[in-house]
Every structure is written in structure tokens, then in C-alpha cells.
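Work through the exercises below with the model open beside you. Try each task before you read its solution.

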Amino acid sequence: MDVGRNYQFSDAQLIRIGSEIKNLLPLYMRQLSDHTPAINEDFLLHFQRTLKEAKSVPATDSLDEEISLMEEEIAAKMEHACIVFRSLRLYIQAAFPHDRRVWEQLGFCDYQRASTNRNQMLMKLQELQHLVEKHRAALQVVHCPPDYYWQIRVLRGELQSMGQKLNQQQVEQKRLQSLRLARMNALYSKVLLISDVAKKVFTDQPQVIDMFKLPKQLATAV
């Protein structure tokens, strides 16, 4: 069960149950209200509004898919960055065969760790860009393709842009999930109240209790 979620069934099931109870309430309002005065016409209006609000929260399926695709694209970009790094490291070693201090700045393990962390990879690409620009003349001597310089800048820009978009998508995803959870919990609390009161009111009418009763395996509140 999701953290903060008070019901043990799907959102679609809760909406269906709420819709059924909405239709039953006007028929049994008097008996329910005699036992629990709070269940009155105002309560019915609040219940209808709560149900409508629960239905109105957009599903996040398409957004979830967009986020998944963006994460895959970012992972591919970071893997490509590792490939560029490995190639450039060989050229830097060739340019400075007797000066380990230059190419040891490009720790292989650092890039492996950064391959799973976008912010770390951006930092490593920035370090790589500065190092390459500083030693461009020496790299040209060992015939390092100029395309690598361009690739570093492009990869940094793409990862920054994609990261910003991903962050915006995740913020929106969290907002919709929180809103949906709050509205579903509000609906569930009203459904549970009505179901509990109906069990007390219609003790001699089991068929009515059955109409208000939550499915047995789903009725436990947390």
C-alpha cells in the first residue's frame, strides 16, 4: 500500500464504490440521518463534490511514461559520455606519456560512479572540458579528433536541458500523485462512515447492508 494511503483497493474500485453509494444515499437519507444527524443534505452535497474532485484528478500514466523515456535517454547520454571520456583519456595519455599528473586527473572510477548520477556526470564533463581546452595544442599533436571537443560541450548542454525537463516532470508527477491521494482519502473516509452507519441502522435489513457494505477483503482501514 502507498504511504499515506488509507484504503486497500484501487482508485478505480474506490470511485466505483463511491458512485454506487452516491446513488443510494438519497434513498436512505432519512434512516441514516436519524441515527447520525451529520449525514444530511449538506453531507450529500459534500459527498457528491468529494466524489467529483476525486474523479477529476488527471491520471499520471502518460507522464509516468514520459519520465521513464527521459530517464532512459539521460542514461544513454551518460553512457555515451563515458565512451567519449575513455577515448579522450587515451589521447591525453599519448600527449603526456611521461606526466601522469595530467591524465590521472581523469580517474576512470570517478567516471564509472558518475555514469549513474547526472549531477556528478555534469561536473566530470566540465572538468574534462577545461582539461581538453587547456591542452588542446598537445592533443592536436597526437591527432585527437576535434569532434571530441564539440561532443563534450554538446553532451553537457543536453544533459543540463534534459535534467531540467526531468525535474519539472517529476515535480508535476509528485503534485498530481499527492493531490489524487488526498482526494481519494477524503472520499474513502466518507464512504467508510456511511458503510459503518448503515451496518448499525439496517440491522434487520441485510440486503440494504449489503448494498452499503465495502467488499469484505477490502474493507479494513489503515
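A residue is buried if its relative accessible area is under 20%, exposed if over 50%, and partly exposed in between, using a 1.4 Å probe and protein chains only. The model is predicted: local features need pLDDT of at least 70, side-chain atom pairs count only at pLDDT 80 or more, and totals for chains, interfaces and linings use all residues. Residues are numbered from 1 along each chain as its sequence is written, and side-chain values use heavy atoms, leaving out hydrogens and water.

**Exercise 1. Describe the chain as a whole.**

Step 1. Take the elements. Helices (H or I, at least four residues) and strands (E, at least two) are DSSP runs, numbered from the N terminus. The chain has nine helices and zero strands.

Step 2. Judge the spread. The radius of gyration, taken over C-alpha atoms, is compared with a globule rule of 2.2 Å times the number of residues to the power 0.38. For 222 residues the rule gives 17 Å, but the chain has 30 Å, so it is more spread out than a compact globule. Along the principal axes, the C-alpha atoms fill a box of roughly 95 × 25 × 20 Å.

Step 3. Look at burial. Of the 222 residues, 39% count as buried.

Step 4. Check the contacts. A contact means heavy atoms within 4.5 Å. Among contacts with a separation of 6 or more, 74% join residues 24 or more positions apart.

**Exercise 2. Analyse two aromatic pairs.**

Step 1. Set the rule. A pair of aromatic rings is described by the distance of the centres and the angle of the planes. Rings of Phe, Tyr and Trp (its six-membered ring) pair if their centres lie within 6.5 Å; planes under 30 degrees apart are stacked, over 60 edge-to-face, and the rest tilted. The structure holds eight such pairs.

Step 2. Take Tyr 28 and Phe 212. Their centres are 5.7 Å apart and their planes meet at 80°, an edge-to-face pair. Tyr 28 sits in helix H1 (residues 11-35) and Phe 212 in helix H9 (residues 206-212), so the pair ties together parts 184 residues apart in sequence. Both residues are buried.

Step 3. Take Tyr 91 and Tyr 148. The centres are 6.1 Å apart and the planes are at 55°, so this pair is tilted. Tyr 91 belongs to helix H3 (residues 61-95) and Tyr 148 to helix H8 (residues 147-201), 57 residues apart. Tyr 91 has 24% relative accessibility and counts as partly exposed. Tyr 148 has 17% and counts as buried.

Step 4. Look for a cluster. Ring pairs link Tyr 7, Phe 9 and Tyr 188.

**Exercise 3. Place Leu 51 in its surroundings.**

Step 1. Find the element. Leu 51 lies in helix H2 (residues 41-56).

Step 2. Classify the residue. With a relative accessible area of 2%, Leu 51 is buried.

Step 3. List the partners. Leaving aside residues up to four places away in sequence, Leu 51 touches Ile 15, Gly 18, Ser 19, Lys 22 and Leu 187.

Step 4. Gauge a distance. Leu 51 and Leu 214 are 163 residues apart along the chain, and their C-alpha atoms are separated by 16 Å.

**Exercise 4. Is His 143 buried or exposed?**

Step 1. Locate the residue. His 143 is in the loop between helix H7 (136-141) and H8.

Step 2. Read the area. A relative accessible area of 65% makes His 143 exposed.

Step 3. Check the backbone. His 143 has a positive phi of about 60°, although it is not a glycine.
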